[in-house]
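Let's take a walk through this one, beginning with its empty space and then moving on to a helix. Have a look at the model first.

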Amino acid sequence: MCRNITELRGLEPAATDEEIRAAALQYVRKVSGIRKVTDANHDAIEKAVDAVTAATVELLDALPARRQPPRTVPPLRRPEVQARLAARAAR
C-alpha cells in the first residue's frame, strides 16, 4: 500500500470531503500507475475516484469510533500544504 495515503478514521474534526477525495485519488493513481491525468484517461480516473470516495465514506461511517487519533496529520490540514494549494488556485 502507498505510504503516502493518510489515515482518515478518527480525525478531530472528522475528515473532510476534500481529504477523502484526495486519498481516493492517491489510491487510484497508485494502483493504476498513472501519475498524471490526461484527456485519454480522465473519464476512467474520475469514475474510479468517485467509486473509491463513496466506498471510503461508507467505510468511515460504518466503523466504530477510534480510541486514539491517527499518528499523523493529514497533508491537506498542514498549513504549508494549505498555502501551496491557495497559491495554485490564485494562479
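Start with the helix that does the most for the largest pocket: α1 gives the most to the lining, with eight residues. Keep in mind as you look around that this is a predicted model. α1 (17-32) isn't on its own, though, since α2 (42-62) and α3 (79-90) each supply at least two residues of that lining as well.

How big is the largest pocket? Its volume comes to about 590 Å³. There are 22 residues lining this pocket, and if you head for its centre, the closest ones are A22, L25, Q26, R29 and L76. Sorted by class, the lining is a mix of 11 nonpolar, eight charged and three polar residues.

Now over to α2. Its 21 residues, at 1.5 Å a residue, should span 30 Å, and the end C-alpha atoms are indeed 30 Å apart, so the expected and modelled spans agree.

Which residues of α2 are buried? They're I45, V49, T53 and T56. These four cover an arc of only 70 degrees around the axis, which means they sit on the same side of α2. The spacing makes sense if you recall the basic geometry: an α-helix has 3.6 residues a turn, so residues three or four places apart point the same way.

Swing round to the other side of α2 and you'll find exposed residues: D43, A44, K47, E58, D61 and A62. As for the buried residues of α2, what covers them includes α1, the helix that also gives the most to the lining of the largest pocket.

Note on methods. Residues are numbered from 1 along each chain as its sequence is written. This is a predicted model: local features need pLDDT of at least 70, side-chain atom pairs count only at pLDDT 80 or more; totals for chains, interfaces and linings use all residues. Side-chain values use heavy atoms; hydrogens and water are left out. On a 1 Å grid over the protein atoms alone, a cavity is a set of points where a 1.4 Å probe fits but cannot get out, and a pocket is an open set with protein on both sides within 12 Å along at least five of seven lines; lining residues have an atom within 4 Å of a point. Grid points are joined across faces, edges and corners, and a volume is the space filled by probe spheres set on the points. Ala, Val, Leu, Ile, Met, Phe, Trp, Tyr, Cys and Pro count as nonpolar, Asp, Glu, Lys and Arg as charged, and the others, Gly among them, as polar. The expected span of a helix is 1.5 Å times one less than its number of residues. Buried means under 20% relative accessible area, exposed over 50%, partly exposed in between (1.4 Å probe, protein chains only). The arc is that of the directions from the helix axis to the C-beta atoms. Contact means heavy atoms within 4.5 Å.
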